[in-house]
Amino acid sequence: MTHILLYWNHICVLHRQEKAFLDGLTQKLLSDGIQLEVRYFGLGYPEHMSEYLARPDAVLPDLIVSADLEVFEDPDIFCKLKDDLYPVRSWMSLRSGPMLDAVERGPFLLPFLSIPLVYYTREPEVCGHTALADWNGLAFGGINNSAVKTVVKAVWERWGHQAAEALLERSLVTDMPIGAFQAVRQGQASTALVPSQYALRADGQETFLQIPREGPVLIPSYFCARTSVPQSFACRMVKEILCQELCSFYAANGDLIVYPEHAQGKSQQESPSACCPSTEWLASLTHDEFYGLYCQKLLKAADWKTGNNLHV
């Protein structure tokens with residue numbers, strides 16, 4: 001029996017269905033002599049994956065599927081993984097185009113899907129001519145997941161450190177993305193940047209879905225595989241996990257941008273351009289530099305390295 005340990009930190013609003021899929025896959029693999037063990041992280045579980053992997057005593061997995069981007073973007077965490085990864089990007093055919101181009105991270109990370117952040121607004125005409133960095137009173141949420149961090153990083157790369165700092169000062173930043181959506185519904189804000197799954201509830205009369213001028217802000221999810229498992233098993237697991245069934249489910253039920261070519265369905269938010277921090281820029285960003293700004297402006301932000309607000 002071959003044991004394979006998978007760490008999973010993914011789409012919280014679809015997690016019940018994700019877990020049912022992985023439970024079924026675990027049973028299927030047993031008949032082929034593969035014992036798949038899945039450990040879940042994120043909302044509803046004690047830790048985010050990045051918080052756990054940052055610990056000195058963390059057990060490294062064989063496989064990772066994660067939309068907790070600090071796993072890959074924080075150099076102090078990713079250094080634990082990067083020297084033992086297979087070049088999985090070449091193992092599956094993906095849909096080419098600007099959405100994929102925006103999230104490419106080199107040979108060792110396979111982009112699985114992206115959550116598109118778009119505007120849910122009462123002022124669609126304002127959205128059409130306002131750059132992301134220029135908003136005053138924009139609502140967005142997900143302080144201790146990748147949503148707010150990605151918005152801050154994308155603004156920082158494109159418009160500079162001061163622009164990212166100013167956006168946080170002028171915005172309504174909520175604990176979770178649903179809080180930003182509710183802020184518009186309850187009249188606390190005119191516009192929120194939220195996952196498109198929420199923005200699709202716009203009625204087209206008082207509230208509207210609008211794609212940002214720069215294109216959707218993408219929160220990507222990646223698959224990676226460590227050399228701790230034989231390559232033949234790792235290759236099989238890519239196909240088993242990122243299968244047509246699961247990919248098509250995400251496109252149909254989450255309005256997510258799904259990259260494998262075999263996926264059926266397409267997000268309504270695909271655009272000629274997208275907003276996502278680049279690999280090159282992320283490589284130049286240190287942990288202390290990012291969290292120095294982030295935790296200073298967001299009192300509820302958690303920094304695993306300093307122990308600041310880790311239980312928020």
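The turns below ask how certain labels in this predicted model are earned.

User: Why is Asp255 called buried?

Analyst: Buried means under 20% relative accessible area. Asp255 has 5% relative accessibility, so Asp255 counts as buried.

User: Where does Asp255 sit?

Analyst: Asp255 is in the loop between H12 and S10. Asp255 comes just after H12.

User: What makes the phi of Asp255 worth a remark?

Analyst: The phi of Asp255 is positive, about 55°, although Asp255 is not a glycine. Most residues other than glycine have a negative phi.

User: Why is Ser273 called partly exposed?

Analyst: Partly exposed lies between two cut-offs, 20% and 50%. Ser273 has a relative accessible area of 29%, so Ser273 is partly exposed.

User: Where is Ser273, and what is Ser273 in contact with, leaving aside neighbours within four places in sequence?

Analyst: Ser273 belongs to the loop between S10 and H13. Leaving aside neighbours within four places in sequence, the contacts of Ser273 are Pro98, Met99, Glu214, Gly215 and Pro216. A contact here means heavy atoms within 4.5 Å. The C-alpha atoms of Ser273 and Glu261 are separated by 19 Å, and these residues are 12 residues apart along the chain.

User: Which residues of H12 are buried, and what covers them?

Analyst: In H12, residues 244-254, the buried residues are Leu246, Cys247, Ser248, Phe249, Tyr250, Ala251 and Gly254. Their cover includes the strands S1, S4 and S10. The helices H1, H10 and H11 are also among the covering elements.

User: What makes the side chains of S2 alternate?

Analyst: The side chains of S2, residues 34-40, point to two faces in turn. Ile34, Leu36, Val38 and Tyr40 point to one face and are buried. Gln35, Glu37 and Arg39 point to the other face and are not buried.

User: What are the two directions in S3, and are its residues buried or exposed?

Analyst: Leu63 and Val65 point one way from S3, residues 63-66. Ile64 and Ser66 point the other way. All are buried.

User: How do you know that S1 and S2 pair?

Analyst: Two strands pair if DSSP finds at least two bridges between them. Seven bridges join S1 to S2, and these strands run parallel. One bridge partner in S2 is Val38, set against Leu6.

User: How does the chain cross from S1 to S2?

Analyst: The chain goes from S1 through H1 to S2, a right-handed β-α-β crossover.

User: What makes S3 a partner of both S1 and S9?

Analyst: Pairing needs at least two bridges. S1 and S3 run parallel and are joined by four bridges. S3 and S9 pair in the antiparallel sense over four bridges. Ser66 appears in both pairings: Ser66 is the partner of Asn9, and Tyr222 in S9 is the partner of Ser66.

User: How much space lies in the largest pocket, and which residues are closest to its centre?

Analyst: About 990 Å³ of space lies in the largest pocket. Of its 46 lining residues, Leu43, His48, Asn144, Asn145 and Met176 are the closest to the centre. S1, H1, H2, S4, H7, H9 and H10 each supply at least two residues of this lining. The lining divides into 25 nonpolar, 14 polar and seven charged residues.

User: What lines the second largest pocket?

Analyst: The second largest pocket has 16 lining residues, and Phe72, Glu73, Phe78, Thr279 and Ala283 lie nearest its centre. Two or more lining residues come from each of H3, H4 and H13. H13 gives the largest share, three residues. This pocket has a volume of about 360 Å³. Its lining holds 10 nonpolar, two polar and four charged residues.

User: Why is a cavity not called a pocket?

Analyst: A 1.4 Å probe fits in a cavity but cannot get out, whereas a pocket is open. The count comes to one cavity of 30 Å³ or more. About 70 Å³ of space lies in the largest cavity.

User: Which residues line the largest cavity?

Analyst: The lining includes Glu70, Glu73, Asp74, Lys153, His287 and Tyr291. H3 and H14 are the elements that give two or more residues. The largest share, three residues, comes from H14. By type, the lining has five nonpolar, two polar and four charged residues.

Methods: Residues numbered from 1 in each chain as written. Predicted model: local features only at pLDDT ≥ 70, side-chain atom pairs only at ≥ 80, totals over all residues. Heavy atoms only, no water. Buried < 20%, exposed > 50% of the residue type's maximum accessible area, 1.4 Å probe, protein only. 1 Å grid on protein atoms, 1.4 Å probe; cavity = no way out; pocket = protein on both sides within 12 Å on 5 of 7 lines; lining within 4 Å. Points joined across faces, edges and corners; volume = space filled by probe spheres on them. Nonpolar A, V, L, I, M, F, W, Y, C, P; charged D, E, K, R; others polar. Right-handed = clockwise from strand over helix to strand, strands pointing away.
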